[in-house]
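Student: Please take a close look at one part of this model, and explain the terms as you go.

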Amino acid sequence: MSERLGEAFTSLRTDNRAALVAFITAGDPTIDDTGAVLDALVEGGADIIELGMPFTDPMADGPSIQEANLRALGKGTTTADIFAIAEGFRSRHANVPLVLMGYANPMVRRGAQWFADQCAETGVDGVICVDIPAEEDGALGPALRDAGIDVIRLATPTTDEARLPAVLEGASGFLYYVSVAGITGKQQAAQASIAAAVSALKAKTDLPVAVGFGVRTPEQAADIARVADGVVVGSAIVELVGKHGADAPQPVRDYVKSLSDAIRSARNS
Amino acid sequence: MTNHSPAPNSYRTQPDESGHFGDYGGRYVAETLMPLILDLEKEYRAAKQDPAFKAEFDDLLEHYVGRPSPLYYAERLTELMRQNADEGMGAEIWFKRDELNHTGAHKINNCIGQILLAKRMGKTRIIAETGAGQHGVATATVAARFGLPCVVYMGARDMERQQPNVFRMKLLGAEVIGVESGARTLKDAMNEALRDWVANVDDTFYIIGTAAGPHPYPELVRDFQSVIGTEARAQLMERTGKLPDLLVAAIGGGSNALGLFHPFLDDKIVEMMGVEAAGTGLDKKHAASLTGGSPGILHGNKTYLLQDEDGQIAEAHSISAGLDYPGIGPEHSWLKETERVMYTSVTDDEALDAFQLLCRAEGIIPALEPSHALAVTIAEAPKRKRDAIILMNLCGRGDKDIFTVAEALGVEM
């Protein structure tokens with residue numbers, strides 16, 4: 001596991017609380033303003049940052065993140081800009097884990113090795129690729145692992161017991177449990193099914209399990225924080241960026257703080 | 001990016017067990033879909049071994065679709081091309097007439113196969129994407145035939161230029177959902193269909209319209225469409241005692257071309273040409289992924305794509321909505337690199353000229369998609385000897401395109 005992700009989860013375990021994993025899209029609202037939104041996430045209490053790589057065809061995403069992708073690409077965001085944003089973040093936040101999340105094509109375009117080297121050079125700790133399942137790991141996984149970058153895999157309600165070992169093979173950092181079969185930003189799964197799924201996953205892996213898709217309210221976040229090692233929130237934050245543009249940092253900070261407060265007190269209440 | 005590894009012993013044994021055609025193909029999908037496509041692969045393997053499945057498929061193709069489709073010697077067109085040819089030159093032009101199928105194109109062959117798979121898997125809801133609307137119509141048709149609800153995703157721009165097909169789908173009981181994202185064409189419809197599928201994996205079968213997408217789709221679509229080439233090979237042998245010298249087919253995703261080519265791939269003397277849409281020109285707006293693109297990953301497979309240096313997908317353009325897609329089936333990427341098939345492209349204007357020529361020379365109104373193949377066919381015929389045979393897949397009829405053609409020709413209707 002990358003050093004920063006490892007240390008983050010160790011310290012969270014000591015504090016007996018779950019991680020708040022916060023997602024925004026790189027280049028949204030603009031390339032220059034992304035850094036301030038990232039800072040707002042950290043100031044609001046996010047423990048791990050997921051930086052979305054915009055793509056023309058985000059087929060696993062709902063309308064909120066689709067629009068964020070279009071806004072970012074509309075501002076001319078390039079892969080070089082994304083790594084510059086990552087590098088800037090790392091220079092301001094030495095210890096906050098940063099994970100890139102996106103689709104395969106922009107990641108492999110210049111070769112997996114190039115991408116892995118860029119991640120290592122700019123302080124990226126892990127990569128989540130939506131459309132490279134375990135079966136196609138060779139397209140990107142080996143290069144990332146060689147560069148010391150975590151390959152963060154997704155498990156879903158359709159990932160059955162027979163398949164789970166394949167998903168876990170080569171996975172590191174944490175396991176991202178997608179709580180609903182569907183696209184981002186839509187409905188949330190029932191708490192009981194999340195609890196059961198997380199406990200089934202934790203029986204098979206020592207990796208921390210973070211739960212995402214459809215998490216919007218502090219109450220939902222707290223419920224998940226009681227059973228999982230991390231809570232991922234994306235669409236709700238991205239919607240604030242879409243609504244407030246360059247003025248997004250303040251409302252983003254306030255919203256993330258409401259989530260963070262709920263998560264921090266979840267296991268005490 | 002030409003691969004100079006030695007030619008394989010057979011070109012007909014792809015894909016490998018993990019769904020790869022050489023470097024291409026594969027299963028690049030979200031984890032939610034992985035168990036489903038593994039299940040589909042298992043079901044397809046079982047269906048292939050099941051004589052009852054094949055019997056039902058063959059029966060529907062014969063009595064519902066109207067197969068075998070005729071093999072037609074285009075005598076007047078052949079003579080017309082010979083007028084401009086040198087002495088002793090001017091190949092015979094033959095058409096495999098899949099435009100005479102029920103619903104007017106080759107698309108129905110594949111839909112019959114996939115709905116039988118859906119039934120076998122106990123799925124109760126059908127979804128599809130469509131570009132020109134031919135695949136949407138074919139899917140709506142088989143869904144009606146089997147009494148299953150059907151949702152078709154179609155780019156809003158394509159809906160505007162293919163109104164008759166939108167109405168056809170509605171008549172057949174399908175719900176047509178206009179897709180407003182991106183360029184509002186085929187690729188955006190495919191994104192939306194994938195979003196639907198991932199949210200409805202339990203009950204929904206996605207009938208993909210071309211030989212692309214995650215494994216096993218490229219393989220099974222090719223297999224269902226191979227009835228075209230299998231019939232054509234037998235028909236031509238019976239009529240002439242010869243194999244064709246050249247096969248020509250249009251390529252969007254590439255299913256009609258693979259359907260024609262695949263049964264001939266190991267006949268070394270048979271040349272093959274795939275014709276992509278060059279739009280307004282390869283240096284302008286086009287849909288020629290193989291001729292003007294580079295390898296990448298989209299919609300479940302690794303294949304040639306139109307993309308920029310950062311891997312963002314470019315908008316395709318063609319006057320033919322059915323060719324207007326920035327990718328191509330992965331088997332074509334492999335056939336290009338092994339050099340078994342030659343790929344070329346034809347502009348909107350060249351396709352329009354060929355379209356009009358066929359109407360008058362043979363009394364056949366072709367779809368704009370095979371009009372691209374026709375432009376190459378009539379260019380090749382005068383260059384080849386009189387006893388040579390060019391066999392072109394006339395994969396769709398042009399009724400759906402008359403408004404587009406009228407507009408392009410500046411005719412008020």
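Tutor: Domain bounds come from an automatic or database domain assignment. On that basis chain B is divided into domain 1 (21-62 + 107-221) and domain 2 (64-104 + 226-409). This is a predicted model, in which local features need pLDDT of at least 70 and side-chain atom pairs count only at pLDDT 80 or more, while totals for chains, interfaces and linings use all residues. Residues are numbered from 1 along each chain as its sequence is written, and chains are lettered from A and ligands numbered from 1 in the order in which they are written.

The part to look at is domain 1 of chain B. Its C-alpha centre and that of domain 2 of chain B lie 23 Å apart. The contact between these domains takes 42 residues from domain 1 and 38 residues from domain 2; two residues are in contact if their C-beta atoms, placed from the backbone, lie within 7 Å. Elements are DSSP runs numbered from the N terminus: helices (H or I) have at least four residues, strands (E) at least two. Among the elements of chain B that give two or more residues to the domain 1 side are strand S2 (24-28), helix H2 (51-65) and helix H8 (186-199). By class, that side has 20 nonpolar, 14 polar and 8 charged residues. Here Ala, Val, Leu, Ile, Met, Phe, Trp, Tyr, Cys and Pro count as nonpolar, Asp, Glu, Lys and Arg as charged, and the others, Gly among them, as polar.

Next comes a sheet. Strands of a sheet pair through backbone hydrogen bonds, either parallel or antiparallel. For the pairs named here, two strands pair if DSSP finds at least two bridges between them. In chain B, an open sheet of 4 strands has the order S7-S6-S5-S8, with parallel pairing. Strand S7 (175-179) and strand S8 (204-206) of chain B each have a single partner strand, so each is left with one side that has no neighbour in the sheet. From one strand to the next, the twist averages 25°, with axes taken as lines fitted to C-alpha atoms (for helices, over the stretch in contact) and angles running from 0 to 180 degrees between N-to-C directions. Within the sheet, strand S5 (residues 125-130) and strand S6 (residues 150-155) of chain B run parallel and are joined by 5 bridges. Ile126(B) stands opposite Cys150(B) in S6(B).
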